[in-house]
Amino acid sequence: MDKLEMRYTLLAAKARKKMSWDDIGKAVGMSPVWVASACYGMNSASKEVAQKMCDTLGVESDVAEALVAFPTKVWDEAIPQDPFIYRLYEVVGVYGETLKDVVQEKFGDGIMSAIDFTMEVDKVEDPKGDRVLLTLNGKFLPYKSW
C-alpha cells in the first residue's frame with residue numbers, strides 16, 4: 001500500500017468511526033495535528049504508534065506498514081483553491097518577509113526548523129466571533145559560515 005491509498009483508507013475509517021483528530025491523538029498518545037499529518041502521508045510513525053492508529057481506526061496491518069514508511073514531502077505548487085489553505089498561503093505571502101526579518105533580528109541569520117517542530121491548533125472563544133490560534137514552534141537553526 002502506498003501513502004496515497006493509506007491516506008484514503010485512514011480518512012474513510014476516521015469518518016466511519018466518527019472520530020475527531022483529538023480522539024485519535026488521545027488514543028495513540030500523540031498530538032492531533034501530528035496524527036492528522038501522518039494520516040495525510042506527510043510524516044512517518046513508529047511501528048508502535050502505527051499499530052495503535054490501525055487498532056483505533058479498525059484498519060488492516062498493511063496500513064501500518066505505509067504509516068511507518070518515510071514520506072516524500074511534496075505538494076502541489078499551484079496556488080491553492082481551498083479558502084482555508086489559501087489564507088495560510090496568503091499569510092506567508094503577505095507576512096513572510098516580515099516574519100523572516102523579525103526572527104533574524106531576534107535570533108540572527110538562520111531559519112525555523114520544520115523538522116524539530118510542533119504545531120498546535122486552538123479555539124479562542126470571542127464574543128465578536130471565535131478565533132483560530134495556530135502555534136508554530138520550531139527550533140532556530142543558524143546558518144553556518146565555513
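**Exercise 1. Place isoleucine 85 in the structure, and decide whether it is buried or exposed.**

Step 1. Isoleucine 85 sits in helix α6. Helices (H or I, at least four residues) and strands (E, at least two) are DSSP runs, numbered from the N terminus.

Step 2. The model is predicted: local features need pLDDT of at least 70, side-chain atom pairs count only at pLDDT 80 or more, and totals for chains, interfaces and linings use all residues. Residues are numbered from 1 along each chain as its sequence is written, and side-chain values use heavy atoms, with hydrogens and water left out.

Step 3. The relative accessible area of isoleucine 85 is 47%, so this residue is partly exposed. The cut-offs: buried is under 20% relative accessible area, exposed is over 50%, and partly exposed lies in between (1.4 Å probe, protein chains only).

**Exercise 2. Find the nonpolar surface patch that includes Ile85.**

Step 1. List the members. They are Phe84, Ile85, Leu88, Met112, Val121, Val132, Leu134 and Leu136. Together they make a patch of about 740 Å².

Step 2. Name the elements. Helix α6 (83-107), strand β1 (110-124) and strand β2 (131-142) each give two or more residues to the patch.

Step 3. Check the rule. Patch residues have over 30% relative accessible area and no salt bridge; like charges are joined within 9 Å, nonpolar side chains (Val, Leu, Ile, Met, Phe, Trp, Tyr) within 5 Å.

**Exercise 3. Describe the two salt bridges.**

Step 1. Recall the idea. Side chains of opposite charge can pair when their charged atoms come close. The cut-off: a side-chain nitrogen of Lys or Arg within 4 Å of a carboxyl oxygen of Asp or Glu.

Step 2. Arginine 87 pairs with glutamate 90, with the closest N and O atoms 3.5 Å apart. The two are three residues apart in helix α6, so about one helical turn separates them. Arginine 87 is partly exposed at 46%. Glutamate 90 is partly exposed at 32%.

Step 3. Aspartate 130 pairs with lysine 123, again with the closest N and O atoms 3.5 Å apart. Aspartate 130 is partly exposed at 46%, while lysine 123 is exposed at 60%.

**Exercise 4. Which residues does the UniProt "active site" annotation cover, and where is serine 113?**

Step 1. The unreviewed UniProt entry lists Arg87, Glu90 and Ser113. Such annotations may be inferred rather than shown by experiment.

Step 2. Serine 113 lies in strand β1. Its relative accessibility is 5%, so serine 113 is buried.

Step 3. Leaving aside neighbours within four places in sequence, serine 113 contacts Gly138, Lys139 and Leu141. Contact means heavy atoms within 4.5 Å.

Terms used
Accessible areas come from the Shrake-Rupley method with a 1.4 Å probe; for residues, only the protein chains shown count as cover.
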